[in-house]
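Visitor: I have a structure open on my screen and would like some help reading it. Could you take me through a few features, one at a time?

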Amino acid sequence: MRDYVKSKDFHRRMRSLLASRFQELGWESQAAGKCSFVRGGRVFWLQVSRYSNGVIGGKFTLNMTEGSGSAGDTRILRRLSEADRTVGKALEERIIARLPRPDPDPEIEVVGDNGGTVLVKLGDLAKANPRQWDGPSDVWLPYFGKNDLDDWAAFLVPRLDRLVARSSPEVTDPRLWVQRLRDLTGLFRSK
């Protein structure tokens with residue numbers, strides 16, 4: 001039976017898999033025990049579902065804070081292209097298919113199509129939220145062992161530059177324009 005990756009080990013492993021790509025993109029790893037990176041006023045981090053455990057495995061998603069307060073929080077997997085979603089859905093199905101199955105197959109509570117919770121057999125987990133990969137949706141990536149994290153990192157690394165690109169609300173944030181105007185007018189002040 002494969003060993004389940006607990007939260008602390010999850011963050012350590014994912015940081016090791018993603019750090020070099022984030023460095024290439026100009027992001028710095030944060031010192032905390034989580035897998036998170038910072039660039040300017042923007043913070044990227046991985047969020048593990050609180051419903052993760054050694055029986056059903058875990059799920060995680062990617063978040064980024066781009067502005068001030070919680071209004072600037074973004075689940076960035078919503079930015080996946082249709083082609084990315086097709087590849088991601090196929091990977092999700094392979095990962096779920098290799099989840100260890102206890103006997104008897106337990107029923108677990110998951111978020112269903114309408115956002116409410118539903119009971120499904122662990123073996124039917126891939127069918128629990130079939131529209132997760134329809135865009136734009138809130139996507140959570142399942143895992144159990146280290147090889148699942150390796151597979152998700154291989155999926156994410158070539159897409160990170162697009163996923164962490166500045167969003168249009170941040171570019172048009174009035175506070176940014178005010179700061180740019182101050183910087184520009186400072187050039188014309190006499191010294």
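Guide: Let's go from the overall picture to helices, rings, strands and a single loop residue. Keep in mind that this is a predicted model.

Visitor: Fine. How many helices and strands are there in the protein?

Guide: You'll find seven helices and eight strands. Of the 191 residues, 38% are buried. The protein exposes about 11000 Å², and carbon and sulfur atoms supply 54% of that. As for contacts between residues at least 6 apart in sequence, 55% join residues at least 24 apart.

Visitor: Let's try a helix. Which residues of α2 are buried?

Guide: With a helix, check its span and then see where the buried residues sit. α2 covers residues 82-97, and its 16 residues reach 23 Å from the first C-alpha to the last, close to the 22 Å expected. The buried residues are D84, R85, G88, L91, E92, I95 and I96. They span an arc of only 130 degrees around the axis, so they lie on the same side of α2. On the other side, E82, A83, T86, R94 and A97 are exposed.

Visitor: And what covers the buried residues of α4?

Guide: Start with who they are: in α4 (residues 146-156), D148, L149, W152, A153, F155 and L156 are buried. Their arc is only 160 degrees around the axis, which puts them on the same side of α4. Their cover includes α1, β4 (58-65), α2, β8 (141-143) and α5 (160-163).

Visitor: Now the aromatics. How many aromatic pairs does a search of the whole structure find?

Guide: A pair of aromatic rings is described by the distance of the centres and the angle of the planes. The search finds eleven aromatic pairs here. Take F22 and F37: their ring centres are 4.2 Å apart and their planes are at 10 degrees, so this pair is stacked. It links distant parts of the chain, with F22 in helix α1 (residues 7-24) and F37 in strand β2 (residues 36-39), 15 residues apart. F22 counts as buried because its relative accessibility is 0%, and F37 is buried too, at 1%. Elsewhere, ring pairs link Y4, F10, F60, Y143 and F144 into a cluster.

Visitor: You mentioned β2. Which strands do bridges join to β2?

Guide: For strands, look at the bridges, the direction and the connection. Two bridges join β1 (residues 28-29) to β2, and the two run antiparallel. Six residues connect β1 to β2 in a hairpin, and E28 stands opposite V38 in β2. Four bridges join β2 to β3 (residues 42-48), again antiparallel. V38 has V43 as its bridge partner in β3. This hairpin has two residues between its strands, and G40 in the turn has a positive phi of about 60 degrees.

Visitor: Last one, a loop residue. Is V164 buried or exposed?

Guide: For a single residue, ask where it lies, how covered it is and what it touches. V164 lies in the loop between α5 and α6 (168-171). Its relative accessible area is 4%, under the 20% cut-off, so V164 is buried. Leaving aside neighbours within four places in sequence, V164 is in contact with F22, L25, W27, R42, F44, M64, I76 and R79. F22 on that list is the ring stacked with F37. V164 and L62 are 102 residues apart in sequence, yet 9.8 Å apart in space, C-alpha to C-alpha.

Definitions and conventions. Residues numbered from 1 in each chain as written. Predicted model: local features only at pLDDT ≥ 70, side-chain atom pairs only at ≥ 80, totals over all residues. Heavy atoms only, no water. Expected span 1.5 Å × (residues − 1). Buried < 20%, exposed > 50% of the residue type's maximum accessible area, 1.4 Å probe, protein only. Arc of directions from axis to C-beta. Contact = heavy atoms within 4.5 Å. Areas by Shrake-Rupley, 256 points an atom, 1.4 Å probe, with all protein chains shown as cover. Phe/Tyr/Trp six-rings, centres within 6.5 Å; stacked < 30°, edge-to-face > 60°. Pairing = 2+ DSSP bridges.
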